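Me: Got a minute to walk through a protein with me? I'd like to go piece by piece.

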Amino acid sequence: MAEQDLVYRGKSKDVYRITEGPYAGKYRLVFTDRATGYRENGTVVFDPGYDTVVGEIPGKGAIACRFATHFFRLLREKGVPSHYIDTLKENEMIVEPAIPLSMPAGSPELPGAAPLMNLEFTWRNNATGSFWRRYPFVKPCKNLHRVVEAWTKGDSDILITFDALEETGALSRDEIAWSVDLVKDIAEIVSEEFTSKNLHVIDGKFELGRLKNGDGRIVLIDEISPDVLRVCNGYSPDGSGNCTAHEQCTVTAVSDGKRTIKNKKQVPASDFVSIFL
Ligand SMILES: Nc1ncnc2c1ncn2[C@@H]1O[C@H](COP(=O)(O)OP(=O)(O)O)[C@@H](O)[C@H]1O
Ligand SMILES: [Mg+2]
């Protein structure tokens, strides 16, 4: 893998252009062991919720790659489009080159102007996390029927409305409708896969991109990451799909105007990832 073929180095993955062989023209998505987190009293604390790389966890890349491979193959069986082509090494996938949904700054010469970084799409089976913090009048773990939201990725993630995406020219109305349907379809497949293992997905996050080749359609790119799936083992729905266990499960607090919400029955990624490997 020559450095000149490096297309992008992210926090945990590297993207390389393939220049020869049967996959010439495709990309190699390399899952490294780099991990994000923070430092506390000089000690490294790994936490996928943070954006700074603080070290490496041996084996992390291979696990992430196998997990994503399982779900990408499942999507392919179900006829859902993604960038996935094949997995040839334990920490490398061959993928279709795509342009992540994003947009350059309209007036880059202006101080403070910034591009729209890759969009991220969240989907939510039940209300928790930032959704509940934003809308604390909602009962925790109320059924949200896979509501989809778009976020700008960057220093801080900002919710962006679909109208704003259309008006800024980032996505057309048809592309927004397609993207939302696609995210919901994938969310349903991922959720059902966990249900078959007696686990419940509360919410998750995906990245989409336009394929560089062919019709340029919008597909799932990047990975299906265990780190961004909130999974619980105490889902006890009423007839409307609202979880009735939240009184024993959910703990909220508010201090200095900042809300927090935790679910005691949430399963750490390390506990569910092995089921799919
Ligand atoms: N098929 C693809 N074509 C082009 N870029 C991709 C593709 N799949 C994923 N990417 C990009 O590669 C990067 C993967 O590295 P990652 O460590 O996740 O980066 P980041 O730090 O930006 O989250 C992401 O920015 C993602 O948008
Ligand atoms: Mg990423």
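Me: Into which domains is the chain divided, and where do they run?

Reply: Keep in mind that this is a predicted model. The chain splits into two parts, and the second one is written as two stretches. So we get, following the assignment used here, domain 1 (1-96) and domain 2 (98-103 + 116-268).

Me: How many residues of domain 1 are in contact with domain 2, and of what classes are they?

Reply: The C-alpha centres of the two domains lie 21 Å apart. Even with that spacing, they touch: 18 residues of domain 2 are in contact with 14 of domain 1. Sorted by class, that side of domain 1 has ten nonpolar, two polar and two charged residues.

Me: Which strands stand at the edges of the five-stranded sheet, and why do they count as edges?

Reply: Read the order across this open, antiparallel sheet: β1-β2-β3-β8-β7. The end strands each have a single partner, so one side of each has no neighbour in the sheet. Those edge strands are β1 (6-9) and β7 (84-89).

Me: What is the average angle between neighbouring strands there?

Reply: Here we ignore direction and just ask how far neighbouring strands are turned against each other. On average, that comes to 20°.

Me: Which residue in β8 does R28 stand opposite?

Reply: Strand β3 (residues 27-31) and strand β8 (residues 92-95) run antiparallel, joined by four bridges. Look across to β8 from R28 and you land on I94.

Me: What about the three-stranded sheet: which strands are at its edges?

Reply: This one is open and antiparallel too, in the order β5-β4-β6. The outer two have a single partner strand each, so one side of each is left free of a neighbour in the sheet. The edges are β5 (43-46) and β6 (52-56).

Me: And which residue in β5 is the bridge partner of G37?

Reply: Strand β4 (residues 34-40) is joined to β5 by four bridges, and the two run antiparallel. Follow G37 across to β5 and its bridge partner is F46.

Me: Now the ligand: which residues come nearest to ligand 1?

Reply: Both domains help here, as each gives at least three residues to the shell. Strands β2 (13-17), β3, β9 (98-100) and β13 (200-211) each supply at least two. By class, the shell has nine nonpolar, five polar and five charged residues. Of the 19 residues around ligand 1, the nearest are G10, K11, K13, H83 and A98.

Notes. Residues are numbered from 1 along each chain as its sequence is written. Chains are lettered from A and ligands numbered from 1 in the order in which they are written. This is a predicted model: local features need pLDDT of at least 70, side-chain atom pairs count only at pLDDT 80 or more; totals for chains, interfaces and linings use all residues. Two strands pair if DSSP finds at least two bridges between them. Two residues are in contact if their C-beta atoms, placed from the backbone, lie within 7 Å. Ala, Val, Leu, Ile, Met, Phe, Trp, Tyr, Cys and Pro count as nonpolar, Asp, Glu, Lys and Arg as charged, and the others, Gly among them, as polar. Axes are lines fitted to C-alpha atoms, for helices over the stretch in contact, and angles run from 0 to 180 degrees between N-to-C directions. A residue is near a molecule or strand if its C-beta atom, placed from the backbone, lies within 6 Å of it.
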